[in-house]
Every structure is written in structure tokens, then in C-alpha cells.
Amino acid sequence: MNSAAFVILAFMLGIYVLLDGFDLGIASIAPLIGRTGPERESAMRAIGPFWNGNEVWLIAGGGALFALFPKAYASAFSGFYLPFVIVLWLLMFRGIAMELRGHFATRIWRDFWDFAFTASSALLVLLFGVALGNLIRGVPLDANGYFTGSFGFLLNPYALLVGLTAVAALALHGATFAAMRIDGAPGDRATALIPKLAAIALLGFLATSAATAAIRWHDLPATWTFALPIVALIALGLAARFALARRTREAFVASTAFLAALFAAAAATLYPMLLPGYAGATGIGIFDAAPSTTALLSAIAAVVVGVVVVGIYGTVVLLPQFREKVTVNLNP
Amino acid sequence: MDIAVADRLQFAFTIMFHYLFPIGTMGLAPFIAWFTWRGAKGDAEAARAAAFWTKIFAINFAAGVVTGIPMEFQFGTNWAAFSAKTGGVIGQPLAMEGAFAFFLESIFLGILLYGKNRVAPMAHAYSALLVCVGSWLSGFFIVATDAWMQHPVGYAVAADGRIEMANLWAVLLSPFALWQYTHVMTAAMLAGGFIVAGIGAYYLLSDRDLAIGRRFVRAGVIVGAICSVLVVFPTGDRNGSDIANYQPVKLAAMEGLFKSTKGAPLAIIGMPDSRNGTLLDPIFVPDLLSFLAYGNARANVNGLTAYATELWPPVEVTYYAYHVMVGLGTIFGAISGLALVLLFWGKRLYRTRWLLWLVLLAMPFPYIANEAGWTVTEVGRQPWIVYGLMRTAAGASPTVSGGETLFTLIGFAGMYFLLGALFLYLTLREIGNGPGAAHE
């Protein structure tokens with residue numbers, strides 16, 4: 001029961017990472033693939049119909065965490081108070097930048113919003129990565145399960161390493177999406193960027209894996225989960241190869257598999273904890289407070305409804321748009 | 001700064017700002033569903049009306065999402081003790097809101113906005129209907145959560161003090177929740193009616209988009225007039241008697257009644273002075289409060305002094321918010337009722353410029369009435385976060401300081417100022433563009 005709840009929660013957040021991953025990633029590398037205003041605008045148009053729907057998964061995942069594991073929800077969010085509120089501000093600011101950019105025709109405003117869009121997106125990914133790093137490393141909790149550390153504690157070298165790796169991995173994901181979706185120079189630049197980003201992601205992946213093994217050597221996850229990093233490595237290699245062969249759609253699929261394997265590996269490392277304790281402190285795990293049957297059933301129903309509805313949306317609205325690539329508009 | 005005070009200030013500010021946008025989405029969605037359906041049946045003018053209101057709706061929706069995300073997470077960031085204790089109950093309707101309602105609303109809004117030329121006209125109309133269902137379901141789950149905090153039912157207390165869900169349906173379908181929900185939704189529809197009528201009046205008074213402007217005025221006035229009645233009777237009336245039965249201290253604060261009275265009068269106006277326990281300069285209607293609360297003009301109504309002062313909600317805020325809501329509700333009834341009469345009396349309304357001016361200028365006031373109503377509900381609930389079960393002061397996050405919350409409150413204020421300016425700019429621009437054929 002508790003494990004089923006954990007899997008559902010991981011599934012919802014995993015979907016969020018895969019979906020919002022490409023639009024956060026594209027935003028992070030927008031200045032690299034778009035040299036001119038209209039070129040950068042093509043990056044925004046590539047994700048225009050998607051980003052809002054993608055973020056709904058974050059909201060649904062947050063709601064599911066609240067319903068299934070209230071204690072972990074309360075402890076994590078109040079413990080990471082300032083970083084978390086900063087994440088909320090960045091999410092809002094990014095949405096504002098995205099919506100506003102098109103409404104101001106002058107160069108100076110466009111440059112401003114482009115910068116705001118890229119900076120807030122990259123910073124968001126970094127913070128998400130830092131949060132994940134802290135989850136794996138463990139946080140100091142008191143007897144009631146409340147966080148006793150400081151903001152500075154959360155910015156440790158390990159968490160920053162995970163954060164930077166997350167930036168590289170999502171930049172790669174965004175590049176494969178851009179390569180697939182955008183025509184002309186920006187798409188070509190994104191394709192050329194894929195192998196380079198894959199190399200950086202590989203370095204980050206290896207360093208993070210080594211550091212994680214060093215931190216968690218006393219508490220290794222089940223043996224089969226070690227297949228996940230291998231899947232990730234193969235997928236990463238494939239993404240680079242497909243990009244060199246200019247098979248952009250396959251590169252995007254490979255990058256999706258890479259991210260999914262990474263996320264699954266992180267979830268497997270964490271299991272059965274939600275908020276592990278640091279340096280001997282007792283953490284909060286999935287068995288501390290059994291979620292009620294109704295909570296679990298409504299979460300399952302929510303996932304099914306979500307997947308079905310998104311499936312309908314995908315076939316009716318997005319697939320037709322998918323067939324045509326986004327082009328750079330030279331006469332705005 | 002005291003942490004619970006800072007947390008309450010931040011919650012009040014962020015929720016009141018956020019709620020401006022759900023008023024727009026819940027209030028406009030039925031109009032959009034109606035116009036889209038007429039449009040799908042071949043009414044070209046209705047299709048233009050639908051496209052116009054869908055654009056306004058989409059701006060409201062985006063602002064609602066952006067300001068809604070902090071709401072969901074604030075339970076964890078600022079009210080961790082409350083969430084840890086009651087999350088087994090309130091987490092569920094909130095999660096359902098995210099899952100069912102939010103998916104439904106956002107996905108089908110996507111089809112409504114981008115799918116017009118991709119799907120069949122009737123499929124487009126059904127999308128509009130589902131957007132409406134989504135936004136109303138969203139409202140339902142939120143109100144059900146709040147109603148549980150007002151009048152907790154269907155729960156069990158676990159050995160460690162946590163409150164667990166015992167019966168989901170008892171929580172979702174509690175009569176308290178259903179009457180609160182119908183009151184909230186008719187109030188949102190009233191606002192929707194006044195928005196549609198107000199924009200229509202704006203076009204008529206500006207001598208532009210006349211045909212469609214008349215249509216807006218007609219639809220808005222009819223809905224506004226019906227909802228001005230429904231919001232009082234039966235929904236407001238039933239809410240009032242629920243409060244009289246389950247939250248008598250709140251009722252006493254709403255009415256500014258300090259001393260318990262048989263045949264209690266209703267104060268139409270007056271200024272409560274909670275320090276001295278009097279209502280200054282009142283105008284009373286004798287016996288009316290007893291009658292409204294308990295259906296009997298001679299019934300005893302407990303005054304505030306019947307309860308310990310530590311159980312009093314902030315009297316002045318509760319009293320004024322309630323009187324603002326009721327006073328504005330009366331004015332809405334008068335304006336929309338008069339407009340309805342002139343509408344059906346040979347369409348005189350379209351030529352009666354002074355009344356069109358009133359309809360136009362009335363537009364912001366349903367927003368104020370909606371916010372005031374929620375203020376009565378939430379401020380009047382104090383000092384409880386869950387009525388009778390948990391004090392508000394005990395619900396705040398133990399690890400967050402008042403200074404931190406004050407800092408984030410200032411940050412939210414800055415962010416929302418930017419967002420509010422953006423919202424106004426975009427909305428006014430759409431209104432300026434208008435529903436004309438040239439902007440299809």
C-alpha cells in the first residue's frame with residue numbers, strides 16, 4: 001500500500017520532470033540556439049502550447065504528496081522555506097516572461113524578457129537539482145520531523161553538483177526537443193549542441209554517481225536498480241549518436257529515456273524514505289504514516305484521469321501541430 | 001513579528017489576490033459554454049462572443065494558475081503543523097482539485113483556444129462545457145476543503161493526535177459544504193453576469209459593437225438578476241442558519257450583537273466597538289435577526305459576551321465585511337432588477353444611458369462583495385483553523401520565523417503588483433480590441 005503510493009507519487013513527479021524538463025531545458029539554452037530576436041522567439045513558440053499543461057503535473061504531484069504523505073509534505077516545504085518560495089517566484093516570473101514577451105514589440109523589451117526567461121528557467125532547474133541532492137544526502141530533522149538546518153546547509157557541494165548535473169541533463173533534453181521541433185538555423189544549432197551537452201551530462205552523471213555511492217555506501221538500494229544507470233548511459237550515448245546522424249526524433253526519445261532512467265534511479269535510491277535524516281537523524285519514510293485507502297484510490301484515479309485526458313489532448317490538439325515544425329518568422 | 005500573524009497576513013494577501021481570477025473563470029465559464037454552443041449551431045455573432053470571452057477567460061485562467069501554485073504549497077511552507085495534523089483529510093480534496101478539475105480545465109481550455117479549426121464545431125462546444133465543468137469542480141473541491149475547516153465532519157482522531165479521513169463522502173457532501181458551495185458559485189455567477197453586462201454597456205455607451213453589446217447586456221442582466229436573488233435566498237439564508245447553529249460566535253460578530261437577546265434586532269448600519277462592547281449609532285429592524293437565524297422572531301440569539309473573549313473572532317473586521325457584502329448584494333439586486341424590467345419593457349434598457357452607466361460602474365463591486373464574503377467566512381472562523389479542533393496559532397510552521405514570512409510576503413506583494421499590472425493591461429487591451437469580426 002505504502003509502496004504503491006510511493007510509486008504513484010514518483011510517477012507523477014517523473015512525468016513532470018520529463019515534460020517540463022524539455023521546456024525548462026529549451027529556455028536554458030535559448031541564447032545558444034537563437035542568435036537573433038526572431039530565432040529566440042521560435043524557441044518560445046516551440047514550447048508555447050505545452051508549458052502550462054506541463055506545469056499542471058507539478059501541481060498534481062504536489063497535491064498527491066499532500067494527500068498521501070502529509071507529514072513529509074509539511075516537513076519538506078516548511079524546512080526548505082526560503083528556497084521553496086524562491087522556486088515559486090521563479091515559476092511565476094517565468095510564466096510572466098513567457099506570456100509578456102510577445103506583447104511588447106520593441107527590441108529592448110524583447111531582450112529583457114528573453115534574459116528573464118532563460119535566467120529564471122536555468123535557476124529553477126538548478127534549485128530543483130539542489131533539492132533532489134539534499135533529499136538523497138539527507139536533512140537534519142528533530143524528533144517531530146521538522147528541519148533544524150539552515151539555508152546554508154542546503155547549499156552543500158554535493159547538492160550543487162546534482163543541481164549542475166540537472167542543468168546539463170535538462171539542457172540536453174531541451175536541445176533534442178528544439179532540434180526536433182524547430183526548422184532552420186536554430187534547429188541546426190540545437191542538433192550540433194546535442195553531442196556537446198551529452199558529453200557534459202556524462203561528466204556530471206559520472207561525478208554524481210561517484211559522489212552518491214560515497215555518501216550512500218552504507219545504505220545501497222536493491223541490486224536490480226543498478227541496471228538503471230546502465231540504461232541511462234546507453235540512452236545518453238544513443239542521443240548523441242542519433243544527433244550526429246541528424247535523426248532528431250530518435251534523439252529526443254533517447255534523451256527522454258536517459259532522464260527517465262536518471263529519475264527512476266534517484267527514486268530507487270531514496271526508497272523507502274521520503275525525507276531521509278542526515279548524520280544519524282531519523283528521517284520520514286513511507287511507512288511512518290500509512291496513507292488512507294481513499295487517499296490512495298483518489299491518487300490512482302487522478303493519475304488515470306490525467307493520463308487519459310492528456311492523451312485526448314495530445315491526439316486532438318498537439319499531434320496535428322507536431323507535424324509542422326516551428327519556423328523562424330522573419331517578418332514579425 | 002508573531003509568526004502566526006505574519007502567516008495569516010501572507011495567506012490573506014495571496015488568497016485574496018488569487019481569488020480575483022477564479023471569480024472571473026467560474027463566473028464567465030457558463031457564458032462561454034452558452035455562446036460556444038449557440039455558435040456551433042450556426043449563430044455567427046454568438047461564435048464571436050464566445051471567442052471574445054474565451055480570450056478574457058484565458059487571461060484570468062493563466063493569472064489564476066500562476067497565483068494558485070503558491071496557495072497549494074503555502075499549506076506546507078507556512079502551515080506545516082496544520083498540514084501534518086489534518087493533511088489526511090484536507091490533502092485529499094485539494095489533491096482532487098489538482099487532478100480532476102485542473103487537468104480537465106487546462107486541457108480543454110487548450111482545445112477551446114487552439115482547436116477551433118481542428119475539431120468539429122460540436123466537439124468545440126463540448127470542450128467549452130468541460131472547461132466550465134472543470135472550473136466549477138475546482139471551486140467545489142476548494143469550498144469542500146474550507147467547509148470542513150468551518151464544520152469538521154467525517155473524520156477520526158488517530159492515536160498520535162493526527163486527524164484522519166473516516167468518510168470521504170461525508171466530507172465532500174456535507175450539507176454545510178453544499179450550501180456554502182452554492183452560495184459561492186451564485187456569487188461568482190453574479191459577478192460573471194455583471195462583468196458581461198458591464199462590458200456590453202461599455203460598448204453601447206461608446207457607440208461601437210452595438211449588436212453584440214446589446215447581447216452582452218441582455219445575457220449579463222438576466223443572469224445577474226437571477227443570481228442576485230439566489231445569492232440571498234435560498235443559499236445565503238441557509239448559510240446564515242448553518243452559521244447560527246454551528247458557529248454562533250461568528251454570527252454574533254457578523255451582526256455586532258454583544259448582549260444575548262430574545263427577539264434580537266438586525267443592525268442595518270452601526271459601528272461596533274469591541275473594547276466597550278457596544279454598537280455605536282445603530283439603525284435596527286426589531287426582531288429580524290432572531291427570525292432570520294432561527295425562524296422565530298422571539299428566539300434567543302447569543303451575543304458575544306456569552307462567550308469568553310479569547311473565542312471572539314476579530315469583531316470589527318467580521319462585522320464590516322459582512323455588512324459590505326450584504327449592502328452591496330442589495331444594490332446589485334436593485335440595479336439588475338431595474339435593468340431587467342427595462343430590458344423586457346420594449347428593450348428600453350438599451351436607450352437608458354444613465355442605467356447603462358450604472359451597470360458599467362457596478363462592475364468592480366461584485367468582486368468586492370465576493371472578497372468580503374470570504375473575509376466573513378475566514379476571519380470569522382478565528383481563533384480556530386479547524387473549528388473547535390485546532391487553533392490557528394498552533395497551525396503555523398514551527399521552523400519558519402516571522403521575519404522570513406514577512407520577507408516572502410513583501411516578495412509576493414512585488415510579484416503580484418507586476419502580475420496585476422500585466423493582467424489589467426492584457427484585459428483592457430482585449431476589451432479595446434473588442435469582439436468585432438475584424439479581430440477573428
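# Reading a two-chain predicted model

Mentor: Let's start with how chain B folds back on itself: of its contacts between residues at least 6 apart in sequence, 74% join residues at least 24 apart. Two residues are in contact here if their C-beta atoms, placed from the backbone, lie within 7 Å.

Trainee: Thanks! What should I know about the numbering and the model?

Mentor: Residues are numbered from 1 along each chain as its sequence is written, while chains are lettered from A and ligands numbered from 1 in the order in which they are written. This is a predicted model, in which local features need pLDDT of at least 70 and side-chain atom pairs count only at pLDDT 80 or more, whereas totals for chains, interfaces and linings use all residues.

Trainee: What pLDDT does each chain average?

Mentor: pLDDT is the predictor's confidence in each residue, from 0 to 100. Chain A averages 79, with 88% of its residues scoring at least 70; chain B averages 90, with 99% at or above that score. In chain A, helix H12 (residues 293-323) has the lowest mean among the elements, 66, and helix H8 (residues 157-181) the highest, 87. In chain B, the lowest element mean, 82, belongs to H3(B) and the highest, 96, to H13(B). For the complex, the predictor gives an ipTM of 0.82 and a pTM of 0.88.

Trainee: How many helices and strands does chain B have?

Mentor: Helices (H or I, at least four residues) and strands (E, at least two) are DSSP runs, numbered from the N terminus. In chain B they come to 14 helices and eight strands.

Trainee: And what radius of gyration does chain B have?

Mentor: That radius is taken over C-alpha atoms, and the globule rule is 2.2 Å times the number of residues to the power 0.38. For 440 residues a compact globule would have a value near 22 Å, so the 23 Å of chain B agrees. Along the principal axes, the C-alpha atoms of chain B fill a box of roughly 65 × 50 × 40 Å.

Trainee: Which elements of chain B give two or more residues to the side that touches chain A?

Mentor: As general background, the size of an interface is often given as the accessible area lost when the parts come together. Here we can count residues: the contact takes 49 from chain B and 47 from chain A. On the chain B side, the elements giving two or more are helix H2 (44-77), helix H3 (80-114), strand S2 (163-165) and helix H14 (402-433). H3(B) gives the most, with 22 residues. By class, this side has 29 nonpolar, 15 polar and five charged residues; Ala, Val, Leu, Ile, Met, Phe, Trp, Tyr, Cys and Pro count as nonpolar, Asp, Glu, Lys and Arg as charged, and the others, Gly among them, as polar.

Trainee: Is Gln150(B) buried or exposed?

Mentor: A residue is buried if 20 or more other C-beta atoms lie within 10 Å of its own, exposed if 12 or fewer, and partly exposed in between, with C-beta atoms placed from the backbone. Gln150(B) has 23 such neighbours, so this residue is buried. Gln150(B) is found in helix H4 (residues 121-150) of chain B. Leaving aside neighbours within four places in sequence, Gln150(B) is in contact with Phe176(B), Gln247(B), Thr377(B), Arg381(B) and Tyr387(B). Of the 440 residues of chain B, 55% count as buried.

Trainee: Which residues touch the most other members of the largest nonpolar core?

Mentor: In soluble globular proteins, nonpolar side chains tend to be buried together. A nonpolar core is a set of buried Ala, Val, Leu, Ile, Met, Phe, Trp, Tyr and Cys residues joined through C-beta atoms within 7 Å. In the largest one, of 257 residues, Ile194(A), Ala239(A) and Ile32(B) touch the most other members. H6(B) gives the most to this core, with 20 residues.

Trainee: Where are the unusual backbone geometries?

Mentor: Most residues other than glycine have a negative phi, and most peptide bonds are trans. In chain B, a cis bond joins Phe233(B) and Pro234(B), with omega about 5 degrees; Pro234(B) is found in the loop between helix H7 (210-230) and helix H8 (235-246). The bond from Gln382(B) to Pro383(B) is cis too, with omega near 5 degrees, and Pro383(B) is found in the loop between helix H13 (365-379) and strand S7 (384-386). As for positive phi, Asp207(B) has a value near 55 degrees and counts as exposed, with 8 C-beta neighbours inside 10 Å. Asp287(B) has phi near 65 degrees and is partly exposed, with 18 other C-beta atoms within 10 Å.
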